[in-house]
Amino acid sequence: MPRLRLKSTQNFPHIGAEILAKAKGSIEGGHGPFDTAFEHGQWFVLCQCGASWSVVDAEGPGIDPDFGLDFEQLEDGDEDYHDEEEN
Ligand SMILES: [Zn+2]
């Protein structure tokens, strides 16, 4: 069943933009604003607190089939970074 999917290993600006938009809606824990980086042949999502996520190809329950990617957290970042900005 062929379909157009983003690929975590393709370095195109529009993929970075879609990853950034998706990260805002799906990464929890009060993180953000996010930035994206394409390094070592794959995409990463970075938060200003130091947290980072690897972007991986994915499908199945909980995965938007039009997106076809998921986020796997690599670094937790500074736990206190976001507290000062809230409330
Ligand atoms: Zn953060």
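Two residues count as touching here if their C-beta atoms, placed from the backbone, lie within 7 Å.

**Figure 1. The whole chain, one helix and four strands.** Start with the overview: this is a predicted model, and its secondary structure comes to one helix and four strands. Walk along from the N terminus and you meet them as α-β-β-β-β. The chain has 87 residues, and 15% of them count as buried. Take the contacts between residues at least 6 apart in sequence: 40% of those join residues at least 24 apart.

**Figure 2. How confident the predictor is.** The mean pLDDT of the protein chain is 89, with 89% of its residues at 70 or more. Among the elements, strand 2 has the highest confidence, at 97, while helix 1 has the lowest, at a mean of 93. As a rule of thumb, where pLDDT is low, the predicted coordinates should not be read in detail.

**Figure 3. An open sheet of four strands.** The strands line up in the order 1-2-3-4, and their pairing is antiparallel. At the edges sit strand 1 (34–39) and strand 4 (69–75), each pairing on one side only. Ignoring direction, neighbouring strands here are turned by 30° against each other on average.

**Figure 4. Strands 1 and 2 side by side.** Zoom in on strand 1 and strand 2 (residues 42–47), which pair in the antiparallel sense over six bridges. To get your bearings, find Asp-35: it stands opposite Leu-46 in strand 2.

**Figure 5. The helix on the sheet.** Helix 1 (residues 13–26) packs on the sheet and touches strand 1, strand 2, strand 3 (52–57) and strand 4. Compare directions, and helix 1 makes about 135° with strand 1.

**Figure 6. The largest nonpolar core.** Eleven residues make up this core: Ile-19, Ala-23, Phe-34, Trp-43, Val-45, Cys-47, Ala-51, Trp-53, Val-55, Leu-69 and Phe-71. Helix 1, strand 2, strand 3 and strand 4 each give two or more residues to it. Strand 2 supplies the largest share, three residues. In soluble globular proteins, nonpolar side chains tend to be buried together.

**Figure 7. Phe-34 and its contacts.** Which residues does Phe-34 touch, not counting those up to four places away in sequence? They are Leu-20, Ala-23, Lys-24, Val-45, Leu-46 and Cys-47. You have already met some of these: Ala-23, Val-45 and Cys-47 belong to the largest nonpolar core, and so does Phe-34 itself. Leu-46 is also familiar, as the residue that Asp-35 stands opposite.

Notes: Residues are numbered from 1 along each chain as its sequence is written. This is a predicted model: local features need pLDDT of at least 70, side-chain atom pairs count only at pLDDT 80 or more; totals for chains, interfaces and linings use all residues. Two strands pair if DSSP finds at least two bridges between them. Axes are lines fitted to C-alpha atoms, for helices over the stretch in contact, and angles run from 0 to 180 degrees between N-to-C directions. pLDDT is the predictor's confidence in each residue, from 0 to 100. A residue is buried if 20 or more other C-beta atoms lie within 10 Å of its own, exposed if 12 or fewer, and partly exposed in between; C-beta atoms are placed from the backbone. A nonpolar core is a set of buried Ala, Val, Leu, Ile, Met, Phe, Trp, Tyr and Cys residues joined through C-beta atoms within 7 Å.
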